[in-house]
Structures are given as C-alpha cells and as structure tokens.
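Let's take a walk around this protein and look at its charged and polar side chains. Keep the 3D view open while you read.

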Amino acid sequence: AGSVYDEVEIEDMEFSDEHKKFFYPCPCGDRFEISVDDLLDGEDIARCPSCSLLLRVVYDEEFLEKFAD
C-alpha cells in the first residue's frame, strides 16, 4: 500500500462519461482514477495505475448523484 499523496476536491477532477470515472493528473505523468461506483460504495482513494501514489477524494454524495446511473 502506498501513502496518500494529496487530497483533492472532486470538483477539481475530470469526469469521463465513457468510463464513468474521475481522473486527476499524477506527478508521475499518468492519472489517478476512481470510478463512480467505488465512490458510491464509500471508497475515497483514487489510485494511479503507473505508480504507488494514492489520492484522497473529498466529495459529498449529492454531487455524485449527478453522475450515477
């Protein structure tokens, strides 16, 4: 398990409708990602597929409901 690199407000993340995921740039050059389903399940850690950094996502459920199916 890596350490949490930073906290970011979900409003500052980029949403992909195609993937139903939120993305945020990682310092390694890739992107952190977390799915709407994970967030709705209470998960708040976005992971980067290319390195061990983790990103804590700050959100409220009302905001998420706009993205839920």
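Is Asp 60 buried, partly exposed or exposed? Asp 60 is partly exposed, because its relative accessible area is 43%, and partly exposed covers the range between 20% and 50%. Bear in mind as you look around that this is a predicted model.

**Around Asp 60**

To find Asp 60, go to the loop between strand S6 (54-58) and helix H2. Its side chain reaches the backbone nitrogen of Phe 63, at 2.8 Å. You can also look from Asp 60 over to Leu 40: these two are 20 residues apart along the chain, and their C-alpha atoms are separated by 9.8 Å.

Asp 60 also belongs to a group. Together with Glu 9, Glu 11, Asp 12, Glu 61, Glu 62 and Glu 65, Asp 60 makes up a patch of negative charge on the surface. Which element gives the most to that patch? That's helix H2, residues 61-65, with three residues. Glu 61 sits in helix H2, and Glu 61 counts as exposed because its relative accessibility is 52%, while the cut-off for exposed is over 50%.

**Salt bridges**

Now for charges that pair up. How many salt bridges does the structure hold? The count is five. Here are three pairs, each with its N to O distance.

| Acidic residue | Basic residue | N to O distance |
|---|---|---|
| Glu 14 | Arg 31 | 3.9 Å |
| Asp 17 | Lys 20 | 3.2 Å |
| Glu 33 | Lys 21 | 2.8 Å |

Start with Glu 14 and Arg 31, whose side chains meet in a salt bridge. Glu 14 is in strand S2 (residues 14-16) and Arg 31 is in strand S4, so this pair ties together parts that are 17 residues apart in sequence. Glu 14 counts as partly exposed, at 48% relative accessibility. Arg 31 is partly exposed as well, with a relative accessible area of 35%.

Next, try Glu 33 and Lys 21, where the closest N and O atoms are 2.8 Å apart. What does this pair tie together? Glu 33 lies in strand S4 and Lys 21 in strand S3 (residues 21-25), so the pair links parts that are 12 residues apart in sequence. Glu 33 counts as partly exposed at 27% relative accessibility, and Lys 21 counts as partly exposed at 25%. While you're at Glu 33, look across to Ile 10: the two are 23 residues apart along the chain, with 11 Å between their C-alpha atoms.

The salt bridge of Asp 17 and Lys 20 has its closest N and O atoms 3.2 Å apart. Asp 17 is exposed, with a relative accessible area of 53%, whereas Lys 20 is partly exposed, with 26%. Lys 20 has something else to show you. Lys 20 lies in the loop between S2 and S3, and its phi is positive, about 55°, although Lys 20 is not a glycine.

There is also a group of three to find: a network of salt bridges links Glu 7, Asp 44 and Arg 56.

**Two serines under cover**

Let's finish with a pair of serines. Are Ser 16 and Ser 35 buried or exposed? Ser 16 is buried, because its relative accessible area is 13%, and buried means under 20%. Ser 35 is buried too, with a relative accessible area of 15%.

Both serines sit in strands: Ser 16 lies in strand S2, and Ser 35 is found in strand S4 (residues 31-35). What does each of their side chains meet? The side chain of Ser 16 is joined to the side chain of His 19 by a polar contact of 2.9 Å. For Ser 35, a polar atom of the side chain lies 3.0 Å from the backbone nitrogen of Asp 38.

Definitions and conventions:
Residues are numbered from 1 along each chain as its sequence is written. This is a predicted model: local features need pLDDT of at least 70, side-chain atom pairs count only at pLDDT 80 or more; totals for chains, interfaces and linings use all residues. Side-chain values use heavy atoms; hydrogens and water are left out. Patches are made of residues with over 30% relative accessible area and no salt bridge: like charges are joined within 9 Å, nonpolar side chains (Val, Leu, Ile, Met, Phe, Trp, Tyr) within 5 Å. Accessible areas come from the Shrake-Rupley method with a 1.4 Å probe; for residues, only the protein chains shown count as cover. A salt bridge is a side-chain nitrogen of Lys or Arg within 4 Å of a carboxyl oxygen of Asp or Glu. Lys and Arg count as positive and Asp and Glu as negative; His and the chain ends are not counted. The place of a charge is taken as NZ of Lys, CZ of Arg, CG of Asp or CD of Glu. Helices (H or I, at least four residues) and strands (E, at least two) are DSSP runs, numbered from the N terminus. Buried means under 20% relative accessible area, exposed over 50%, partly exposed in between (1.4 Å probe, protein chains only). A polar contact is a pair of N or O atoms within 3.5 Å; within protein, one must be able to donate a hydrogen and the other to accept it, and residues adjacent in sequence count only if both atoms are side-chain atoms.
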